[in-house]
Amino acid sequence: MTAERVTREDFDEVMIPTYNPAPVIPVRGEGSRLWDQEGRDYVDLAGGIAVNCLGHAHPRLVAALERQGRKLWHLSNVFTNEPALGLAQRLCRLTFADKVFFANSGAEANEAALKLARRYAWKHFGPDKHEIVAFDGAFHGRTLFTVSVGGQAKYTQGFEPLPPGIRHVPFNDIGALETVISNKTCAVIMEPLQGEGGIIPAAPEFARAARSLCKRHDALLIFDEVQTGVGRTGDLYAYMGLGVTPDVLTTAKALGGGFPIGAMLTRAEIADSLSVGSHGTTYGGNPLACAVAGEVLDIVGDPTVLGGVEARHQRLVAGLEGIRERTGVFEEIRGLGLLLGAALKDAWKGRAREFLRAGLDEGVMVLVAGPDVVRLAPSLIIPEADMDDGLARLERAVNRARSR
Ligand code: PLP
């Protein structure tokens, strides 16, 4: 490491320009507060895009990482390890699943789920049953398979040819799903609440219809819970609140609370179609990641944490409704638990990023969900005082953006 101080300008010098990060560089975080290189503080209502479910530097996560860091960092899949087995047991105990595959990210968990669906259908029904049905607006990651399954053309442009056998229909449209699903369908993949697509919850009747159509056509129902999982919606996984159980579930983001990890969960008879050597990844089940994720699940699984999500939801929604009434820029406040969207009125459509930038000027971090929605995904344990301060700063930011 050089002793020289790095700046935002260095990003443009040395990083491949897949991102255009904010002008400030955060250097330290504690709970739901962050500080940048200049010592300015921010209230974090963004949560690292639904990752920092327990805020920054949670003492129990720091302790779990330190404990494991002194024991064992990596083994490879030539060996299994204790944290991975413990985490898999917890995930199976807490969900519908019997079996787990560990990966490093949401995209990789989805890649595994899509490959599993193809393989399961190939094994049980033959190669014709290979179609994947997905939804407009969906986001499933950035590998070539997952961008192709995702329903946003901007992410596939220029990366063609794309993998074949993928069909898209509008989200929450039962008729459209009925039209496209057939005995050639191996899987339907959906987010229980579309996150990147604009904070759009699946209608319960739509999720139920997807469930029964999959059953009728021997297709697997995959729930991508990368953004909704680990308490974000107020249930440990959103499928629990929807009352619709998938065949395969993917989880990442908040599972590691900031440490990279992803997982695919399924039932034993489906998992059986993957055999030794049919899929894998060097870091899947990494002891450091699994030790931290085990601690995350222990904390989030505590009824006081999950139970606290609803109260925080109410407080934030009430605050956002107030901002909506006083400023007139938001059409609607929507979402579940602590995954909230403030949809912009027609006059402001396409300008969500301006609110994110104004937020930084006022010391609050928020997100966008597409061009028309300001999104909040704070820590599940954000203190009341930070919520209130964050909302006050957000209102100042909205007024700042309006007067620009
Ligand atoms: N699936 C959903 C629903 C997501 O929101 C995301 C990321 O935003 C992904 C998959 C991709 O996860 P990752 O960026 O960890 O690959």
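**A cavity and a ligand site**

Twelve names to find on screen make a good start: H74, L75, S76, N77, F79, N81, T282, Y283, G284, G285, N286 and P287 line the largest cavity. As you look around, keep in mind that this is a predicted model.

What kind of wall do these residues make? By class, the lining of the largest cavity holds 8 polar and 4 nonpolar residues, and no charged ones. The volume of this largest cavity comes to about 60 Å³. When the whole structure is searched for cavities of 30 Å³ or more, 1 is found. The idea behind such a search is simple: a probe the size of a water molecule, rolled over the atoms, shows where empty space is left.

Now let's move to the ligand. It is surrounded by 13 residues, and the closest are G106, A107, D224, Q227 and K253. Sorted by class, this shell contains 6 polar, 4 charged and 3 nonpolar residues, so charged residues do appear here under the grouping that counts Asp, Glu, Lys and Arg as charged. Helix α5, which covers residues 106–125, gives the most to the shell, with 3 residues.

Which atoms come together at this site? At G106, a polar backbone atom is 2.8 Å from an oxygen atom of the ligand. K253 uses its side chain instead: one of its polar atoms there lies 3.2 Å from a ligand oxygen. On the nitrogen side, a ligand nitrogen atom is 3.3 Å from a polar backbone atom of F139. As for cover, the ligand taken alone exposes 400 Å², and the protein buries 82% of that area.

Notes. Residues are numbered from 1 along each chain as its sequence is written. This is a predicted model: local features need pLDDT of at least 70, side-chain atom pairs count only at pLDDT 80 or more; totals for chains, interfaces and linings use all residues. Side-chain values use heavy atoms; hydrogens and water are left out. On a 1 Å grid over the protein atoms alone, a cavity is a set of points where a 1.4 Å probe fits but cannot get out, and a pocket is an open set with protein on both sides within 12 Å along at least five of seven lines; lining residues have an atom within 4 Å of a point. Grid points are joined across faces, edges and corners, and a volume is the space filled by probe spheres set on the points. A residue is near a molecule or strand if one of its heavy atoms lies within 4 Å of it. A polar contact is a pair of N or O atoms within 3.5 Å; within protein, one must be able to donate a hydrogen and the other to accept it, and residues adjacent in sequence count only if both atoms are side-chain atoms. Accessible areas come from the Shrake-Rupley method with a 1.4 Å probe; for residues, only the protein chains shown count as cover. Helices (H or I, at least four residues) and strands (E, at least two) are DSSP runs, numbered from the N terminus.
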